[in-house]
Amino acid sequence: MVKKAFSPARRNVLSRIWIGLGIAALLQMLAGAAFFFISGRKQVEQHTPQLLQAGVATDFPPGSVTLIGKGHLYLARLDNGGFLAISRKCTHLGCAVPWIAERKQFECPCHASIFDITGNVLKAQAPRALDLFPISFQQDMVMIDISSPIKRSTYTAEQLVFLQERR
Ligand code: FES
């Protein structure tokens with residue numbers, strides 16, 4: 001039996017079809033990669049706040065530290081009236097850090113790190129200050145966004161949030 005060879009014109013058409021299919025597959029891959037990249041970026045940009053009602057601002061006296069919600073964080077109010085929502089999670093290995101009112105400091109029970117009322121490290125192991133949560137006010141109600149803790153190396157006065165800032 002004799003095999004029939006394709007004519008040059010037909011071979012040309014077939015190779016064009018293969019090239020076309022290759023280009024279509026490549027474009028589809030690129031479109032998929034672009035979609036993955038763009039949707040990934042949108043997820044990073046679109047953070048949905050998870051607001052926790054901490055209480056009425058005037059109920060937190062200056063110089064106080066209050067355990068909030070289910071105990072994930074503290075609301076500290078400094079003597080100047082500024083608020084900080086401080087994570088309870090130690091920045092060393094993540095143990096829950098209690099506030100020791102008599103000594104006015106946070107003391108980690110795991111490896112003895114100590115933090116002051118602002119969450120600043122007074123004594124290592126902890127490598128940096130306790131994380132913060134964003135604070136806002138609705139009327140006089142203190143609202144804390146627990147969806148996005150803020151890492152920081154140390155405390156600075158700019159981190160304080162004051163009730164009168166919204167007025
Ligand atoms: S976990 Fe707090 S000092 Fe180690």
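A residue is counted as buried under 20% relative accessible area, as exposed over 50%, and as partly exposed in between. On this scale Cys110, with a relative accessible area of 36%, is partly exposed because its value falls between the two limits. The structure described here is a predicted model, and every value below was computed from it.

Under the distance rule applied to cysteine sulfur atoms, the count comes to one disulfide, which joins Cys95 to Cys110 with an S to S distance of 1.9 Å. Cys95 is found in the loop between β4 (83-87) and β5, whereas Cys110 belongs to the loop between β6 and β7, so the bond ties together parts that are 15 residues apart in sequence. The torsion about the S-S bond of Cys95 and Cys110 is about -100 degrees, and the disulfide is therefore left-handed. Two further cysteines may be considered for their accessibility: Cys90 counts as buried at 6% relative accessibility, and Cys108 is likewise buried, with a relative accessible area of 6%.

The loop that holds Cys110 connects two strands of an open sheet, in which four strands follow the order β5-β6-β7-β8 with antiparallel pairing. The edges of this sheet are occupied by β5 (99-100) and β8 (121-123), each of which has a single partner strand, so that one side of each is left without a neighbour in the sheet. Within the sheet, strand β6 (residues 105-107) and strand β7 (residues 114-115) run antiparallel and are joined by two bridges, and Phe106 has Phe115 as its bridge partner in β7.

Two residues in the loops of this region have backbone angles of note, given that most residues other than glycine have a negative phi. Lys104, in the loop between β5 and β6, has a positive phi near 55 degrees although the residue is not a glycine, and with a relative accessible area of 56% Lys104 is exposed. Ala112, in the loop between β6 and β7, also has a positive phi, of about 65 degrees; with a relative accessible area of 35%, Ala112 is partly exposed.

A second set of antiparallel pairings involves strand β11 (residues 141-145), of whose five residues four are buried, so that the strand is largely enclosed by the rest of the structure. Strand β11 pairs with strand β1 (residues 51-56) in the antiparallel sense over five bridges, and Val56 has Met141 as its bridge partner in β11. Strand β10 (residues 135-138) also runs antiparallel to β11, to which four bridges join it; here the bridge partner of Ser136 is Met143 in β11. The hairpin of β10 and β11 has two residues between the strands, and in this hairpin Gln139 takes a positive phi near 55 degrees.

At the surface, a nonpolar patch is formed by Ile19, Ile23, Leu26, Leu27, Met29 and Leu30, which together have about 640 Å² of accessible area. One of these residues, Leu27, is placed in helix α1 (residues 8-45), and at 53% relative accessibility Leu27 counts as exposed because its value is over the 50% limit.

Key. Residues numbered from 1 in each chain as written. Predicted model: local features only at pLDDT ≥ 70, side-chain atom pairs only at ≥ 80, totals over all residues. Heavy atoms only, no water. Buried < 20%, exposed > 50% of the residue type's maximum accessible area, 1.4 Å probe, protein only. Pairing = 2+ DSSP bridges. Patch = residues over 30% accessible without salt bridge, like charges linked within 9 Å, V, L, I, M, F, W, Y side chains within 5 Å. Areas by Shrake-Rupley, 256 points an atom, 1.4 Å probe, with all protein chains shown as cover. Salt bridge = Lys/Arg side-chain N within 4 Å of Asp/Glu carboxyl O. Disulfide = S-S within 2.5 Å.
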